[in-house]
Amino acid sequence: MERVETCNSIWLLDPALMQFCRMPKGADPTYAVSARWQPYFRWEEEPDTGAFRVALDDARTRWLSSRRHVDPCPRCDHEATRLVIMPPPPCAVVGDLLE
Ligand SMILES: [Zn+2]
């Protein structure tokens, strides 16, 4: 189980089952037990910037993207997780669609 902290939420990832869930920061950790887990099909991350995204469908057309929270954090209070709709990449190079 991997835990990723962003500015407004905590992501829990289960790479074995390819499922993730997001919960509001500060939520009771037991919340994860009843939280809705979603399947994901790919996880990409830019180690340099902390930007990451998960593919929500097998065709990789729908992604959820966010960034890791750092301390001190210039993005807190004004950047939320956003849903990005993109055409399927014909021959995507890892990372070339970020930002
Ligand atoms: Zn932050």
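Which residue in the turn of the β2 and β3 hairpin has a positive phi? The residue is Met 18, with a phi of about 55 degrees, and four residues lie between the two strands. Let us come back to that turn after a walk through the rest of the chain.

A word on the model comes first. The structure is a predicted model, in which local features need pLDDT of at least 70 and side-chain atom pairs count only at pLDDT 80 or more, while totals for chains, interfaces and linings use all residues. Residues are numbered from 1 along each chain as its sequence is written. The pLDDT is the predictor's confidence in each residue, from 0 to 100. Here the chain averages 82, and 73% of the residues score at least 70. Among the elements, β6 has the highest mean pLDDT, 96, and strand β8 (residues 82-85) the lowest, 66.

Now for the overall layout. The chain has one helix and eight strands; helices (H or I, at least four residues) and strands (E, at least two) are DSSP runs, numbered from the N terminus. Along the sequence they follow the pattern β-β-β-α-β-β-β-β-β. Of the 99 residues, 13% are buried, where buried means that 20 or more other C-beta atoms lie within 10 Å of the residue's own, exposed means 12 or fewer, and partly exposed lies in between, with C-beta atoms placed from the backbone. Two residues are in contact if their C-beta atoms, placed from the backbone, lie within 7 Å. Among contacts between residues at least 6 apart in sequence, 28% join residues at least 24 apart.

A good place to start looking is the open sheet of four strands, which has the order β1-β2-β3-β4 with antiparallel pairing. The edges belong to β1 (2-5) and β4 (38-39): each has a single partner strand, so one side of each is left without a neighbour in the sheet. Two strands pair if DSSP finds at least two bridges between them. By that count, β1 and β2 pair over four bridges in the antiparallel sense, and a hairpin joins them through three residues. One bridge to find on screen is that of Arg 3, whose partner in β2 is Leu 12. On to the next pair: β2 and strand β3 (residues 19-24) are antiparallel over six bridges. There Trp 11 stands opposite Arg 22, and Ile 10 has Met 23 as its bridge partner.

Ile 10 deserves a short stop. This residue of strand β2 is partly exposed, with 19 other C-beta atoms within 10 Å. Leaving aside neighbours within four places in sequence, Ile 10 is in contact with Arg 3, Glu 5, Met 23 and Lys 25. Gly 26 is 16 residues away from Ile 10 in sequence, and the two C-alpha atoms are 8.6 Å apart in space.

Next comes the pairing of strand β5 (residues 42-46) with β6, antiparallel over five bridges. Within this pair, Glu 45 has Phe 52 of β6 as its bridge partner. Four residues lie between the strands of this hairpin, and Gly 50 takes a positive phi near 80 degrees.

Phe 52 also leads us inward. A nonpolar core is a set of buried Ala, Val, Leu, Ile, Met, Phe, Trp, Tyr and Cys residues joined through C-beta atoms within 7 Å. The largest one here has eight residues: Val 4, Trp 11, Leu 13, Phe 20, Tyr 40, Phe 52, Val 54 and Trp 63. At least two of these core residues come from each of β2 (9-14) and β6 (51-55). Val 4 is in contact with Trp 11, Leu 13, Phe 52 and Arg 68, once its neighbours within four places in sequence are left aside.

Finally, some backbone details. Most residues other than glycine have a negative phi, and most peptide bonds are trans. Met 18, in the loop between β2 and β3, is not a glycine but has a positive phi; with 14 C-beta neighbours inside 10 Å, Met 18 counts as partly exposed. Arg 60 is not a glycine either, and its phi is positive at about 60 degrees. Arg 60 lies in the loop between β6 and β7 and is partly exposed, with 19 other C-beta atoms within 10 Å. The peptide bond from Asp 71 to Pro 72 is cis, with omega near 5 degrees, and Pro 72 sits in the loop between β7 (62-67) and β8.
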